[in-house]
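Please open the structure in your viewer and keep the selection tool at hand. This tour goes from stop to stop, saying at each one what to select and what can be found there.

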Amino acid sequence: MQYRTVSFYDEFKCIGGACEDSCCDNWEIDLDDGSLKLYMSQKGEFGKRLKKCTRVKDKQFILNGVRCPFHNDDDLCDIFIEMGEEALCQTCTNFPRHIEEFDDLKEVSLTMSCPEASRIMLSKKDKMTFICKEGNDRDYGLKEIKAVSRFAFWKRGHENKLDKPLFDKLYEARELIYDMLQDRTKPVPLRAVRILSFAKELQDCVDEVGERQYGSSKAYSEIDDIIERYRGKASYDGKDKCIDRDDDKSIDDNGDKCIDNNKEDDYATDSEYHNTRVDNFVSQILNMYDGLENIKPEWKDILSLGKQHLKSESCRRDVTEFLENYKDKEYEFEHILVYYIFNYFLGASYDHDILTKVKFAVISYLVILQLDVARWISQNKNFLYDDQVTVAHAYSKEVEHSYNNYESLQLVLSAHPILTVDNIINRLKGGLL
Ligand code: SF4
């Protein structure tokens with residue numbers, strides 16, 4: 001089996017009792033069959049406790065309020081203490097690793113819903129890179145993963161069959177997306193515009209191919225042309241033309257300069273009307289997040305601060321000022337986008353929904369940015385690396401740590417009428433560039 005991981009993967013080590021947000025609380029722990037059998041066969045006092053605290057039918061522990069019943073007062077795990085590390089179930093062993101499987105390849109990342117994993121990722125100034133090596137689950141700190149395990153997001157299986165020809169094309173497309181996202185000559189919002197327009201074209205192509213021809217490499221040949229076209233420097237601005245901000249000229253699909261831009265396109269106007277429109281758009285997105293099941297209590301406060309800030313008259317100016325002040329740490333947003341693309345983009349080779357994966361990355365960036373700005377304002381324009389860790393981690397825990405929240409959000413992203421590519425581009429260009 002091949003394993004692909006982010007290059008800093010081996011730097012992660014659980015900090016256990018020193019962690020400010022134990023992963024043992026606020027969620028249902030799904031038990032794999034092997035662990036359930038082991039726990040139910042335990043003898044003695046601890047065996048009795050295991051039986052009492054397990055809902056066998058649901059293959060879950062019965063939470064003590066919001067707390068795992070084996071998470072003790074010293075913030076340590078009683079199963080680990082009584083039975084040893086090997087006895088931890090698959091869910092607990094694997095966390096905070098997110099796993100996607102594609103035939104003989106496993107892609108394993110460290111999810112931001114662990115604050116320590118967020119800290120490591122956000123501390124890196126260099127571009128995020130990935131390593132692929134032959135190995136086994138143990139080499140990557142994983143308990144054996146069976147394809148049927150799909151109760152929690154990081155070991156979710158896929159209902160659909162892998163479309164290998166599409167996977168091959170999307171793999172190449174993802175490499176290009178990394179290049180676009182890590183093009184540090186452009187501001188991050190423009191990089192996000194580029195990947196959105198690229199994803200839209202890929203999606204149109206796959207939709208055109210249609211279900212009957214899924215799995216045929218010939219049918220996907222047009223994807224090669226799209227990739228080649230985007231390999232040039234042009235980017236779509238949502239109006240059938242492309243813009244390269246380096247020299248403020250518009251470029252057509254062939255990469256030829258066509259119109260002087262001077263940042264005066266419709267999306268970059270600064271009118272009051274336009275500002276209200278883009279801020280309403282972000283408000284509506286935050287309202288969608290408000291509708292999700294609350295996993296981490298602090299998330300509610302972070303979200304409501306973000307919503308509150310959008311009501312202030314200066315909210316648009318604040319975003320601009322924050323971005324200006326935070327320029328040196330723009331790489332943090334770049335990492336967040338690359339993280340979401342690495343974790344989810346290739347999943348489209350199962351469900352053929354490329355656009356939703358990219359929307360998820362971009363909307364996550366927009367939401368985290370808005371929450372950052374609100375926090376920055378509430379702290380008298382102070383915002384440190386620890387604040388970014390807090391916000392990014394809380395966001396990830398809310399949307400990725402709960403299977404229901406993750407699925408609901410994917411549904412909203414794919415179907416909500418306001419979340420069109422043009423509307424999102426409008427926000428990115430009108431509000432942030
Ligand atoms: S959230 Fe991360 S660092 Fe904290 S206890 Fe869990 S795995 Fe360890």
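Which residue in S5 does Tyr 3 stand opposite? Select Tyr 3 and look across to S5, where the residue opposite Tyr 3 is Lys 106. Please keep in mind throughout that this is a predicted model.

**The open sheet**

Stay with these strands and select residues 2-6, which make up strand S1, together with residues 105-110, which make up strand S5; the two pair in the parallel sense, over four bridges. Besides the pair you have just seen, Gln 2 stands opposite Leu 105 in S5. Strands of a sheet pair through backbone hydrogen bonds, and this pairing can be either parallel or antiparallel.

To see the antiparallel sense, add S6 to the selection, which pairs with S1 in that way over five bridges. Here Gln 2 stands opposite Glu 134 in S6, and Thr 5 has Ile 131 in S6 as its bridge partner.

Now select S4 as well, which runs antiparallel to S5 and is joined to it by six bridges. If you click on Glu 100, you will find that its bridge partner in S5 is Glu 107.

With these strands shown together, you have an open sheet of four strands in the order S4-S5-S1-S6, and the pairing within it is mixed. Strand S4 (97-102) and strand S6 (130-134) each have a single partner strand and stand at the edges, so one side of each is left without a neighbour in the sheet. As you turn the view, you can follow the twist, which averages 20 degrees from one strand to the next. Before leaving, select S6 alone, which is hardly covered, since the count of buried residues among its five residues is zero.

**Two positive phi angles**

Next, select Asp 103, which is found in the loop between S4 and S5. These two strands form a hairpin with two residues between them, and Asp 103 is in the turn. What is the sign of phi at Asp 103? Phi is positive there, at about 50 degrees, although Asp 103 is not a glycine. This deserves a pause because most residues other than glycine have a negative phi. Is Asp 103 buried or exposed? Asp 103 has 10 C-beta neighbours inside 10 Å and therefore counts as exposed, as a residue does with 12 or fewer such neighbours.

For a second example, move to Asp 75, in the loop between strand S3 (60-61) and helix H3 (78-83). Asp 75 is not a glycine either, and its phi is positive at about 65 degrees. With 13 C-beta neighbours inside 10 Å, Asp 75 counts as partly exposed.

**A cis peptide bond and the ligand**

Select Phe 95 and Pro 96 together and look at the peptide bond that leads from Phe 95 to Pro 96, which is cis, with omega near 10 degrees. Most peptide bonds are trans. Pro 96 lies in the loop between helix H4 (90-94) and S4.

Both residues also belong to the next stop, for Phe 95 and Pro 96 are among the residues around the ligand. To see the rest, add Cys 14, Ile 15, Gly 16, Cys 19, Asp 21, Ser 22, Cys 23, Cys 114 and Glu 116 to your selection. Taken by kind, the residues of this shell divide into seven nonpolar, two polar and two charged.

**The nonpolar core**

For the last stop, select Leu 196, Leu 337 and Tyr 365, which have the most contacts inside the largest nonpolar core, a set of 94 residues. Then add helix H14 (residues 354-378), which gives the most to this core, with 17 residues. Because domain 1 (24-93) and domain 2 (268-432) both give residues to this core, it lies between them.

Within helix H14, select Val 358, which is buried, with 30 other C-beta atoms within 10 Å. Val 358 and Ser 197 are 161 residues apart in sequence, while their C-alpha atoms are 9.7 Å apart in space. Finally, select Val 362, also found in helix H14, which counts as buried with 26 C-beta neighbours inside 10 Å. From Val 362 to Val 193 the separation is 169 residues in sequence and 8.6 Å in space, C-alpha to C-alpha.

Notes. Residues are numbered from 1 along each chain as its sequence is written. This is a predicted model: local features need pLDDT of at least 70, side-chain atom pairs count only at pLDDT 80 or more; totals for chains, interfaces and linings use all residues. Two strands pair if DSSP finds at least two bridges between them. Axes are lines fitted to C-alpha atoms, for helices over the stretch in contact, and angles run from 0 to 180 degrees between N-to-C directions. A residue is near a molecule or strand if its C-beta atom, placed from the backbone, lies within 6 Å of it. Ala, Val, Leu, Ile, Met, Phe, Trp, Tyr, Cys and Pro count as nonpolar, Asp, Glu, Lys and Arg as charged, and the others, Gly among them, as polar. A nonpolar core is a set of buried Ala, Val, Leu, Ile, Met, Phe, Trp, Tyr and Cys residues joined through C-beta atoms within 7 Å. A residue is buried if 20 or more other C-beta atoms lie within 10 Å of its own, exposed if 12 or fewer, and partly exposed in between; C-beta atoms are placed from the backbone. Domain bounds come from an automatic or database domain assignment.
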